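Work through the two exercises below with the structure in view. Try each task before reading its solution.

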Amino acid sequence: MLSTSLLPIRNERATLRTMRHSDADAYAAGTRDAAVRKYGHLPEPEYTAESVRALIDGPIREGLDDGDLAVLAIADPTTDDFAGSLVLFGATGTSVEVGFWVHPDHRGKQLSTGALALAIELLRRSRITDVTARILIDNDASRRALERSGFVRGEAMHDTTPSGDSAVLLHYRRAIEAIEAFPLTTERLRLRLHEHSDVRALDRIYGRSAVARYLLDEPWTMPETVRHVGERIAHTGLADGGTKLALVVEHDGAVIGDVTLWPTDPEHRVAEIGWVLDPEWGGRGLASEAVNAVLSTAFTHYRLHRVAAQMDARNTASAELARRVGMTAEAHLRQNWWSKGEWTDTLIFGALAGDTDPHSGRPDRAPRAANPQRNRPL
Ligand SMILES: CC(C)(COP(=O)(O)OP(=O)(O)OC[C@H]1O[C@@H](n2cnc3c(N)ncnc32)[C@H](O)[C@@H]1OP(=O)(O)O)[C@@H](O)C(=O)NCCC(=O)NCCS
């Protein structure tokens, strides 16, 4: 079952979203391209804007509702314009096949690689553990995009294409590691992956000037929150090609903040952590409890060597939180960061896997509100 309610999702290269009537012209034009005709294995002999709109309202809608077929748009991440198509089909309990094409005007920007990375995160969150692709043997562009996305080449064999023709097809497969570690639960909190329904709560938190004060960003507007949540939904962890972990912090069913972990030197297992807590929930040790849980995951689940936290030196509540969870104050950089019209100092904290107890925070000791930190990814 494909969890298409998690769409749209985006990264710096592409947006993956459901199809809209306004995509119909560009979709129909893309299908007339010679490479798409040859390699795309499209089920229909010809597409017009009208026939695409009928497909969107008919079989595409039904596939999404049933959760076994997802005909999606690959969109430009800046304009959201239609740039190509990615199809997840033949979904069984744990496996699915992928097909894709990019409109000739948008080729060469690794849009397909961006879209494949997003599709893999969507499948991971749909509990699918195996994705396959079949391509014509001379399809070098597709081969490169698939191999860049972690697909492993299998055999070439006579086969029936998804459009029903007979051809020699090269088989590719990518195993997808399941999400086992999340949600995290602590005494008072649940830390889980992001969903679109978190937009309201996060907009309330990030829209506050008190929260934005020590962030690099100004207070978020609603469209910015929507965009950030669309990115964070795909931030499922650091393993298996994942680039970030973004968890919302829930207390009694309400979202009260978030904690993020991202590698700064993946090869040597060095990462950075960031956190934000709704100021209304400050003073109860909840942020320490959340950060402790993620530090624990960083060292025990991801086996990281080092986790750092950086913050504006004026952010004393955040610095105290870092100390409380057992991080060591390592540096105070003077006026190294130009932020919001002035030079600011930076505090750097670090925790090492080899520290006696790197995540020994004591949430019961003088808890304070955590404030956002400076280099956190948004
Ligand atoms: C395969 C395809 C989706 C790749 O899309 P893309 O977003 O342009 O892919 P990338 O930018 O990652 O480029 C992948 C490869 O395409 C080739 N390429 C790059 N720019 C290109 C261009 N302007 N035109 C054609 N091919 C190009 C290169 O070989 C590139 O590999 P490299 O970056 O390692 O040199 C696209 O070429 C396409 O739609 N082809 C027709 C349909 C198809 O083959 N679908 C796959 C069937 S499953």
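**Exercise 1: the shell around the ligand**

Task: State how the residues of the shell around the ligand divide into nonpolar, polar and charged, then find which residues come nearest and which elements contribute.

Solution.

Step 1. The shell holds 11 nonpolar, 8 polar and 4 charged residues. The model is a predicted one.

Step 2. There are 23 residues around the ligand, and those that come nearest are Tyr39, Arg107, Gly108, Ser112 and Ala141.

Step 3. Two or more residues of the shell come from each of these elements: helices H2 (34-39), H4 and H5 (140-148), and strands S5 (95-102) and S6 (130-136).

Step 4. H5 provides the largest share of the shell, with 5 residues.

**Exercise 2: the contact between the domains**

Task: Locate the two domains, then describe the side of domain 1 that touches domain 2.

Solution.

Step 1. Domain 1 covers 4-175, and domain 2 covers 184-352.

Step 2. Between the C-alpha centres of domain 1 and domain 2 the distance is 34 Å.

Step 3. Domain 1 brings 11 residues to the contact, and domain 2 brings 7 residues. Residues count as in contact here if their C-beta atoms, placed from the backbone, lie within 7 Å.

Step 4. On the side of domain 1 that touches domain 2, at least two residues each come from strand S1 (9-10) and helix H4 (111-125). H4 gives the most to this side, with 5 residues.

Step 5. By residue class, this side of domain 1 has 5 nonpolar, 2 polar and 4 charged residues.

How values were computed:
Residues numbered from 1 in each chain as written. Predicted model: local features only at pLDDT ≥ 70, side-chain atom pairs only at ≥ 80, totals over all residues. Domains from an automatic or database assignment. Contact = placed C-beta atoms within 7 Å. Helix = DSSP H or I, 4+ residues; strand = E, 2+ residues; numbered from the N terminus. Nonpolar A, V, L, I, M, F, W, Y, C, P; charged D, E, K, R; others polar. Near = placed C-beta within 6 Å.
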